[in-house]
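This report goes through some features of one protein chain. The sequence and structure come first, followed by notes under short headings.

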Amino acid sequence: MTESTFFRSEEMSLIQLYIPAEVAQPTVSELGELGLVQFRDLNPDVNAFQRAFVGEIRRFDEMERQLRFFTSQIEKAEIPVRPTHPSVYMSRARSRQELDDLEERLSEHENRLLQMNNSHETMQRRYLELVELKHVLRETSDFFQEAASHQEDIRQSFDEPTAPLLDDLEAQAGPSDGRDHGLNLGNVTGVIPRHKMQTFERILWRSLRGNLYMNTAEIEEPVIDPSTDLVVEKNVFIIFAHGREILAKIRKISESLGATLYSIDPTADRRREALLDVVRHIEEFNSVLVNTTQTRRQELMRISENLTAWMTIVKKEKATYHTMNHFNYDVNRKCLIAEGWCPTNEINTIQTALRGVTERSGSMVPSILNELRTHKEPPTYHKTNKFTAGFQAIVDAYGMARYREVNPGLFTIISFPFLFAVMFGDVGHGILVLLAGIYLVLNERKLASVDGEMFQMVYGGRYIVLLMGAFSIFTGMMYNDIFSRALPWFQTGWDFEIPEDYIEGVIVAKPNGHTYLFGIDYAWHGTENYLLFTNSYKMKMSIVLGVIHMSFGICMIYYNAKFFRKPIDIIGGFIPQMMFMQCLFGYLVMMITYKWTVDWFATDSAGHSLRNSPPSLLNTMIYMFLSPGSVNPEDKLYSGQAFVQGFLVLIAIICIPWMLFLKPYYLKYEHNKARAMGYHQPSENHVRISTDSNQSDEAGGAVVAEDVEHEEEFEFSEELIHQVIHTIDFCLGCISNTASYLRLWALSLAHAQLSEVLWSMTLGTAWKFSGGIGAIMTIIMFSLWFSLTIFILIGMEGLSAFLHALRLHWVEFNNKFYQATGYPFEPFSFAAVLSEKDA
């Protein structure tokens with residue numbers, strides 16, 4: 001048993017399970033609770049609808065549909081669902097009788113609910129019709145009176161095609177006895193949605209050429225549509241016209257626009273009796289609707305008490321049978337045969353769980369677990385906790401590690417927040433980020449249920465935020481920056497001697513013999529050459545950090561080669577790559593360090609300079625290749641420099657063919673040696689079959705019928721081309737990747753300058769005023785400064801630094817050793833099944 005570490009993925013084993021058919025369902029359910037086995041599909045060529053347990057899966061699909069229906073009805077009724085106790089998620093597997101009872105219970109609830117819904121909707125529609133009819137009867141009495149008093153005008157509208165649709169007949173109201181005189185008029189009465197009213201009038205005008213009289217009134221009472229449960233604003237309308245064809249056309253137009261038509265008796269007494277009858281029916285329907293709604297709500301409340309538990313049971317059972325469809329069924333042994341990957345360290349845990357299921361079920365035949373030997377590549381499984389999960393997610397987003405190769409996630413825990421902080425370094429901003437991280441960590445249980453994709457991304461990286469804030473405080477102290485201001489942490493090493501007659505001009509600081517203990521001396525802040533100094537300092541620091549980071553990545557090649565027992569990767573990969581990197585850029589780091597440690601302005605007792613002016617390292621690196629073995633005396637850094645540089649260039653040039661040819665020719669030699677000894681490539685149709693040695697029946701205990709992943713035929717030309725590409729990529733990448741680390745300098749400079757500009761334009765401006773105006777300006781400008789600090793300097797600049805740190809890890813660091821060609825370990829786990837949201 002190997003020790004579990006975060007340095008490499010867990011050691012995996014391919015296991016084979018013989019599960020008796022009578023305990024298959026509880027056994028697979030128990031393995032789902034453990035979440036330690038990734039089952040392989042042993043029936044890849046079998047259609048999903050032809051598998052053994054497709055009937056059970058359809059059954060649970062139907063139960064799941066019923067539960068989704070209950071959920072939608074409960075949410076519609078705004079009834080709270082009782083939260084499920086965590087113990088339900090670890091509940092035992094249900095027996096067949098219990099599942100049958102649950103299915104019957106769900107069907108009964110669904111039938112009752114559908115019946116109540118249909119009854120409720122029918123009554124609501126009838127109630128809506130009665131309410132509309134009530135308003136129609138109330139409003140049309142006035143309409144009939146107005147129409148009767150203006151029959152002469154209506155007659156003229158038939159004789160004059162140019163007469164308007166509505167001739168403001170309401171303004172000419174007169175006495176009427178409620179009867180029609182001299183002209184036999186028909187009418188169409190109904191209710192139409194208010195937003196369609198204008199369209200309705202326009203269509204009637206153009207279709208009938210104004211040969212009608214129309215009046216409308218708004219219904220003030222809110223009308224609820226039973227099909228959508230939305231409030232709809234409606235209008236009552238009545239249209240008087242002459243002729244059956246015209247009236248039929250009006251009815252068709254009304255119905256096409258969604259109007260509801262009602263027949264109204266022209267006699268006033270009968271309309272009055274109908275109105276009283278409608279009001280009485282509305283009162284009766286009101287009481288019936290209240291009782292029906294209450295009964296339906298009680299039914300939904302009973303369902304809501306167990307809804308989450310039922311959903312959990314159904315999802316788990318469905319996932320169990322879906323997994324069992326991946327197994328083979330041995331007819332002779334009457335058992336299911338499964339294969340899957342699991343962590344080697346957890347095999348004992350799985351065996352204990354299998355024995356527990358056998359004992360609880362009372363079965364006489366136990367489940368059998370065998371560990372198989374295979375050449376297939378196992379899945380990659382990194383055991384993480386809530387602290388390391390966020391950092392591992394950063395690495396997995398680049399690519400899943402190959403099985404057992406070095407995991408960059410371990411180093412990312414420190415290197416990622418540190419490189420972020422190099423670009424974001426500010427004590428004040430770091431404290432704000434740290435406080436945000438502390439809040440997320442202390443309230444992680446409460447915040448875990450908060451929805452929102454963006455928030456969940458931040459919440460998942462809460463420990464990353466915490467460390468980014470802590471490292472930003474550290475680098476901020478190194479830069480001596482707190483909201484772009486400097487703090488005198490320690491005694492300064494410089495003194496500014498201001499003469500008494502000083503008016504204006506440049507004052508040069510003089511060293512006082514002290515050395516500032518930590519970071520940049522605060523005396524540099526505010527000086528004219530501060531930006532020049534920090535530019536040089538941060539630029540060289542970025543190169544040093546970049547070379548160290550990449551060199552560390554190259555070192556991981558050695559650990560991978562040693563673990564996988566590939567000495568050629570050490571001799572033909574690690575050694576020449578490390579020598580090439582150190583001969584060029586390691587030498588550059590040495591020159592930077594040496595240049596920092598030398599006092600270039602030291603003088604002798606006579607006041608003459610002991611050394612020449614400090615040389616440009618960029619020119620030194622350029623002429624190191626253009627003229628190897630010679631150095632301009634004015635650019636000389638140390639004695640013997642010409643020989644050292646020529647020797648380093650020679651070694652770097654030798655490393656290129658070393659990387660290019662050694663590995664391909666070594667692999668060709670090994671291949672020819674293996675062929676000479678009689679080894680050959682496995683055939684393409686070779687099949688691995690696992691059999692039971694105690695059985696020699698017709699089936700032969702065959703378990704797996706899957707082609708072995710045979711190695712590709714060795715092609716020297718392909719290997720040589722691959723190595724050429726890799727060598728060119730590495731050599732050019734050393735230059736481009738080193739330059740890429742200059743983003744540490746660029747973003748750090750941009751962050752510091754933006755913070756300085758924001759301070760000077762807000763609080764710096766406010767503090768120029770005094771008295772009451774100064775106090776008011778300070779309050780206003782502080783609010784503005786704090787808001788912009790949060791949204792720009794921490795939000796936008798923090799995101800920018802995060803993305804650049806991500807790129808440095810993915811491109812500059814990972815490509816030195818990280819192959820990322822693996823596939824993730826995705827075990828059958830109820831926790832994962834229940835955490836998935838419904839599509």
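## Leu588 and the nonpolar cores

In this predicted model, Leu588 is in contact (heavy atoms within 4.5 Å) with Ile543, Leu617 and Met621, leaving aside neighbours within four places in sequence. Leu588 is also one of the three residues, with Phe580 and Leu744, that touch the most other members of the largest nonpolar core, which has 72 residues. Such a core is a set of buried Ala, Val, Leu, Ile, Met, Phe, Trp, Tyr and Cys residues joined through side-chain atoms within 4.5 Å. Helix H16 (residues 567–597) gives this core its largest share, 13 residues.

A second, separate core has 45 residues, among them Leu36, Val37, Leu99 and Phe327.

## Ser304

Ser304 belongs to helix H7, residues 268–324; helices are DSSP runs of H or I with at least four residues, numbered from the N terminus. Ser304 counts as buried because its relative accessibility is 4%, where buried means under 20% relative accessible area with a 1.4 Å probe, protein chains only.

The side chain of Ser304 reaches the backbone oxygen of Met301 at 2.7 Å. Beyond four places in sequence, Ser304 is in contact with Ile74, Ile79, Pro80, Val81 and Arg82.

## Confidence and conventions

The mean pLDDT (the predictor's confidence in each residue, from 0 to 100) is 84 for the protein chain, and 88% of the residues reach 70 or more. Residues 163–183 have pLDDT below 50, and residues 682–708 stay under 50. Where pLDDT is low, the predicted coordinates should not be read in detail.

Residues are numbered from 1 along each chain as its sequence is written, and side-chain values use heavy atoms, without hydrogens and water. Local features need pLDDT of at least 70 and side-chain atom pairs count only at pLDDT 80 or more, while totals for chains, interfaces and linings use all residues.

How values were computed. Helix = DSSP H or I, 4+ residues; strand = E, 2+ residues; numbered from the N terminus. Buried < 20%, exposed > 50% of the residue type's maximum accessible area, 1.4 Å probe, protein only. Polar contact = N/O pair within 3.5 Å; in protein donor to acceptor, adjacent residues only side chain to side chain.
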